Amino acid sequence: MRCDTLWRNARLATMAPDRAGLGVAETGVIASVGGRILFAGPADEAPGFAASREVDCEGRWITPGLIDPHTHLVWAGNRAREFEQRLAGASYEDIARAGGGIVSTMTATRAASEADLVSQALPRLDALMAEGVTTVEIKSGYGLTVGHEEKQLRAARALGERRPVTIRTTLLGAHALPPEFAGDADGYVDLVCREMIPALAASGLADAVDAFCEGVGFSPAQVRRVFKAARSAGLPVKLHAEQLSNLHGARLAAEFGALSADHLEHLDDDGARALGEAGVVATLLPGAYYVLRETQAPPVARLRDHGVPIALATDCNPGTSPLTSILLTLNMGATLFRLTIEECLLGVTRHAARALGLGADTGTLEAGKACDLAIWDIESPADLVYRLGFNPLHARIWRGQ
């Protein structure tokens, strides 16, 4: 059987659901053709391959390329001053109500050109890719007009043209209330539902729609309207839910069959049950928990009890999680949220793919999926979660290259 590339003498963590745990194959091979996996598994189960190129992995570990399923990677401006304010005791809500937070980034992002946004985001993307990331979700939400949200999403798409990486875009128009709609949240939601979502769905710039369901964001009733508009436009939904309080956003996400509900620090048992029954992925964001110095961690035991798949993400953003390390995110998931090694690694591979609606295409080493690989100089997969400030990536492969 012919293939383009054969990686041999490797140890595989396939993350495949039909194999126990991490789906380990101690003596494994991977064959690819046309940028997709032809075979991945134990060498003694592989057919004979005639490869155009063979790579001796010399016993290194191979995982699927890592996936960051929640970022706000495209923005302009700097919010280091807010970090200082929080150190002095100001809360997230205090800063937001004083005109800082998301609105301050909105002002800088509106003033920036698309080219500016791309050039500022590229170093952040490069940092993620340097740690084995092959798929990144990027949200808008710092423009808060139809034109500026479109500009952000165009910049996100442009990043995928400038780098060998898969970019999934999410329209987060319902992120914050822009100043021109002060005191009129319903009026702004009208704009999001009647103009923004239809226009950006028709342009093909948005792969999904998200909203911030929170006291400093939008109410469940307003989010419901956003989700109905997304459904009418044929787009799946995601939700920032239960980060600072419990507004029962998780149940709303479950009702609409959301791809994921994210943050979830204040999730209750009913919400966890609803997520599990609807098959919604819980995306946990330890970077924001750490930066905001929160004390209530997501209820991981509840998620486990109700069979909710758990993903992990950097939540890379300028205010509450200026984090561009997926490896540090893994360690934070384990140390701050007490996730297991297996949960952490599945959280940036198989479950992360599902959180983006990409479970059929990536996230595991299985025949037919995109040949996105991370090859590591490690003794065991636990090393990827255990180490701090050390990058053991040997090679990153995207679409077989």
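This talk goes through a helix, two cavities, two buried strand residues and some salt bridges in one predicted model.

I'll start with helix α12, which covers residues 326-337. How far apart should the ends of α12 be? At 1.5 Å a residue, its 12 residues should span 16 Å. The end C-alpha atoms of α12 are 15 Å apart, which agrees with that.

Next, the surroundings of this helix. Nine of the 12 residues of α12 are buried, so the helix is largely enclosed by the rest of the structure. The buried residues are Ile326, Leu327, Thr329, Leu330, Asn331, Met332, Gly333, Ala334 and Phe337. Look just past the end of α12 and you come to Arg338, which takes a positive phi of about 60°.

Now the cavities. How many cavities of 30 Å³ or more does a search of the whole structure find? The search finds four. The largest holds about 140 Å³ of space. It is lined by 14 residues, and the closest to its centre are Tyr92, Ile102, His175, Asn317 and Thr320. Sorted by class, the lining of the largest cavity has eight polar, four nonpolar and two charged residues.

The second largest cavity has a volume of about 40 Å³. Its lining consists of Glu137, Arg168, Thr169, Thr170, Asp207, Ala208, Pro236, Lys238, Leu259 and Leu356. By class, that lining has four charged, four nonpolar and two polar residues. Which element gives the most to the lining of the second largest cavity? Strand β8 does, with three residues.

Let's stay with one residue from that lining, Thr170. Thr170 sits in strand β8, residues 166-174. Is Thr170 buried or exposed? Its relative accessibility is 2%, so Thr170 counts as buried. Buried here means under 20%. Leaving out neighbours within four places in sequence, Thr170 is in contact with Glu137, Ile138, Lys139, Ser140, Leu153, Ala208, Val209, Asp210 and Lys238. Among these, Glu137, Ala208 and Lys238 also appear in the lining of the second largest cavity.

Two other residues from that lining, Asp207 and Arg168, bring us to salt bridges. As background, side chains of opposite charge can pair when their charged atoms come close. A search of the whole structure finds 22 salt bridges. I'll take a few of them.

In the salt bridge between Asp207 and Arg168, the closest N and O atoms are 3.9 Å apart. This pair links distant parts of the chain, with Asp207 in the loop between α6 and β9 and Arg168 in strand β8, 39 residues apart. Asp207 counts as buried, at 18% relative accessibility. Arg168, at 24%, counts as partly exposed.

The salt bridge between Arg304 and Glu343 is 2.8 Å from N to O. Arg304 lies in helix α11 and Glu343 in helix α13, so the pair ties together parts that are 39 residues apart in sequence. Arg304 is partly exposed at 38% relative accessibility, whereas Glu343 is buried at 18%. There is also a network, in which salt bridges with shared partners join Glu58, Arg60 and Asp377.

The next pair lies within one helix. Arg154 forms a salt bridge with Glu150, and their closest N and O atoms are 3.3 Å apart. Why are Arg154 and Glu150 separated by about one helical turn? The reason is that they are four residues apart in helix α5, residues 146-162. Arg154 is partly exposed, with a relative accessible area of 32%. Glu150 is partly exposed as well, at 28%.

My last residue is Ile375, in strand β14, residues 373-376. Ile375 is buried, with a relative accessible area of 4%. Where does Leu393 lie relative to Ile375? Leu393 is 18 residues away along the chain, and the two C-alpha atoms are separated by 6.1 Å. Leu393 is also one of the residues that Ile375 touches. Not counting residues up to four places away in sequence, the others are Trp7, Arg60, Trp61, Ile62, Pro392, His394, Ala395 and Ile397. You may recognise Arg60 in that list, as it belongs to the network with Glu58 and Asp377.

Methods. Residues numbered from 1 in each chain as written. Predicted model: local features only at pLDDT ≥ 70, side-chain atom pairs only at ≥ 80, totals over all residues. Heavy atoms only, no water. Helix = DSSP H or I, 4+ residues; strand = E, 2+ residues; numbered from the N terminus. Expected span 1.5 Å × (residues − 1). Buried < 20%, exposed > 50% of the residue type's maximum accessible area, 1.4 Å probe, protein only. Contact = heavy atoms within 4.5 Å. 1 Å grid on protein atoms, 1.4 Å probe; cavity = no way out; pocket = protein on both sides within 12 Å on 5 of 7 lines; lining within 4 Å. Points joined across faces, edges and corners; volume = space filled by probe spheres on them. Nonpolar A, V, L, I, M, F, W, Y, C, P; charged D, E, K, R; others polar. Salt bridge = Lys/Arg side-chain N within 4 Å of Asp/Glu carboxyl O.
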